[in-house]
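I opened this model to look up its sheet, the helix lying on it and its nonpolar core. My entries follow in the order of looking.

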Amino acid sequence: MDDKQARIRLAPATEDDVGLVLWFIKQLAEYERAPNQVTATEELLRKNLFGPHPFAHVVLAYVTVDGVEQPAGFALYFYNFSTWVGRPGLYLEDLFVCSEFRNLGIGKRLLVHLAQTARERECGRMEWVVLDWNEPSIQFYLSLGAKQMKEWIINRISGPALEHLADL
């Protein structure tokens with residue numbers, strides 16, 4: 001598909017899009033070689049993305065080719081806070097573009113949209129992680145001015161370890 005033929009539209013996800021959001025999450029998990037790790041359900045996403053206290057936001061990307069609009073990608077993000085900067089930050093949890101729509105500028109459009117959102121919200125920075133083997137994405141992010149923070153190590157507690165810690 002030629003980018004001159006495609007028209008891209010971004011839109012915030014609504015509760016009606018929960019099924020599509022879950023589909024994108026599963027597609028991303030497949031790409032990241034971890035399809036069995038997805039435990040999210042439409043019910044959980046509905047509650048946590050569109051309930052009374054949403055924990056994250058989703059932007060959907062659509063491509064129109066020959067008059068037909070199709071979902072092409074998504075970005076899921078939330079706000080954190082930097083004590084050193086004294087401002088909120090925008091954390092990009094997931095960014096995914098379907099393989100048939102890559103190289104049309106959709107990923108860049110999503111990141112530009114998020115950067116504009118971060119600026120509007122007076123965020124001090126935007127952060128995300130990328131798998132170390134995902135060289136195309138790493139190069140893409142570097143080309144946009146991202147700096148790798150290799151001195152930082154991600155820590156995670158989940159499942160039984162989280163339960164154990166909460167019970168101490």
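**Notebook: core and sheet**

I began with Val-58, which, leaving aside neighbours within four places in sequence, is in contact with Ala-11, Pro-12, Ala-13, Val-21, Leu-49, Phe-74, Ala-75 and Leu-76; contact means heavy atoms within 4.5 Å. The model is predicted, so I note that local features need pLDDT of at least 70 and side-chain atom pairs pLDDT 80 or more, while totals for chains, interfaces and linings use all residues. Residues are numbered from 1 along each chain as its sequence is written, and side-chain values use heavy atoms, without hydrogens and water.

Next I looked up the largest nonpolar core (buried Ala, Val, Leu, Ile, Met, Phe, Trp, Tyr and Cys joined through side-chain atoms within 4.5 Å; buried is under 20% relative accessible area, 1.4 Å probe, protein chains only). It has 40 residues, and Val-21, Val-58, Leu-60, Val-63, Phe-74, Phe-101 and Ile-106 touch the most other members. I found that S1, helix H1 (18-31), helix H2 (42-50), S2, S3, S4 and H3 each supply at least two residues of this core. S2 gives the largest share, 7 residues.

Then I traced the sheet, an open one of 5 strands in the order S1-S2-S3-S4-S5 with mixed pairing. Helices (H or I, at least four residues) and strands (E, at least two) are DSSP runs, numbered from the N terminus; two strands pair if DSSP finds at least two bridges between them. S3 (residues 68-82) and S4 (residues 87-97) pair in the antiparallel sense over 10 bridges. Arg-87 in S4 is the bridge partner of Ser-82.

Last, I checked helix H3 (residues 106-120), which lies across S1, strand S2 (57-65), S3, S4 and S5 and runs at about 165° to S4. Axes are lines fitted to C-alpha atoms, for helices over the stretch in contact, with angles from 0 to 180 degrees between N-to-C directions.

Conventions:
Buried means under 20% relative accessible area, exposed over 50%, partly exposed in between (1.4 Å probe, protein chains only).
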